[in-house]
Amino acid sequence: MEWPADEQIAHNLAAVRQQMAAACQRAGRAPGDVLLVAVTKTVPAEAVRAAWRLGVTDFGENRVQEARQKVADLRDLPLVWHMIGHVQSNKAGQAVELFQMIHSIDSVELARQVGARAARAGRTMPALLEVNVSGEESKFGFRVTAEEQGAFLAAVREIVAAPGIDVQGLMTVAPMAANPELARPHFGRLHELQGELRAAIPDCSWRHLSMGMSDDFVIAIEEGATIIRLGRAIFGPRPVG
Ligand SMILES: *Cc1c(COP(=O)(O)O)cnc(C)c1O
């Protein structure tokens, strides 16, 4: 598998930025309203450097193990690293060391571990709660169907009260679909949930909605995303397997 040349990354990024701007305009939103996180799983450090030279500041990884090496290799750059994949509670300490934001808080236990590790290091970890909006069995994240909403709210109250962690919003991964329009109701539901949480737990900012990937980020922006997470749209297809 050949990795894209800098010119290819530049070309891809220009197209992404154009689509982001157009989607913001359609939705009546300011272009600076949406943060682009470039997802670098499987992408070598040199390609990350190329994206940084092109103005990308924020990068996402979904595995602590892979991120360790890459973050170390790129220590000379002032990059902001986002954890976007499932974190086992026993990796909370490493996640706190490597990342500046964790998008994938999916249990009270993980939130407690992350908060405890951050507090011990004299920090507060910015975090998003991952929500399994679609209810797919295979997905991580809090479930929020009508029957599960009471338990969800109780969990959120515990997390918000935990020391060392600063909950700033919600994250979701839409189901895979041939037609990106099918993601729209899931994104809309996350936005609606943000409003419900603002009303129920007002002492928390709830400002971020991390939603939208390479195939559906335009729709996510139209539905209120403040953070989009793009891998393939910037770096090209990943190796299979
Ligand atoms: C891989 C990944 C992305 C980016 O996916 P692309 O389809 O390459 O844009 C976004 N979010 C999460 C949680 C991921 O694991």
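Here are a few notes on the ligand site and one aromatic pair.

1. Ground rules: this is a predicted model, so to speak, with local features needing pLDDT of at least 70, side-chain atom pairs counting only at pLDDT 80 or more, and totals for chains, interfaces and linings using all residues. Residues are numbered from 1 along each chain as its sequence is written, and side-chain values use heavy atoms, leaving out hydrogens and water.2. The shell around the ligand includes Val-39, Asn-62, Met-213 and Arg-238, counting residues with a heavy atom within 4 Å. By class, the shell has five nonpolar, three polar and four charged residues; Ala, Val, Leu, Ile, Met, Phe, Trp, Tyr, Cys and Pro are nonpolar, Asp, Glu, Lys and Arg charged, and the others, Gly among them, polar.

3. Polar contacts (N or O pairs within 3.5 Å) come from both side chains and backbone. Ligand oxygen atoms lie 2.7 Å from a polar side-chain atom of Lys-41, 2.7 Å from a side-chain N or O of Arg-232, and 2.9 Å from a backbone N or O of Gly-231. How much of the ligand does the protein cover? It covers 92% of the 390 Å² that is accessible on the ligand alone (Shrake-Rupley, 1.4 Å probe).

4. Elsewhere, the whole structure has two aromatic pairs (ring centres within 6.5 Å; planes under 30 degrees apart are stacked, over 60 edge-to-face, the rest tilted). Phe-59 and Trp-81 form a tilted pair, because their planes are at 45°, with centres 5.8 Å apart. Phe-59 is in strand E2 (residues 58-61) and Trp-81 in strand E3 (residues 80-83), 22 residues apart; strands are DSSP runs of at least two residues, numbered from the N terminus.

Notes:
A polar contact is a pair of N or O atoms within 3.5 Å; within protein, one must be able to donate a hydrogen and the other to accept it, and residues adjacent in sequence count only if both atoms are side-chain atoms. Rings of Phe, Tyr and Trp (its six-membered ring) pair if their centres lie within 6.5 Å; planes under 30 degrees apart count as stacked, over 60 as edge-to-face and the rest as tilted. Helices (H or I, at least four residues) and strands (E, at least two) are DSSP runs, numbered from the N terminus.
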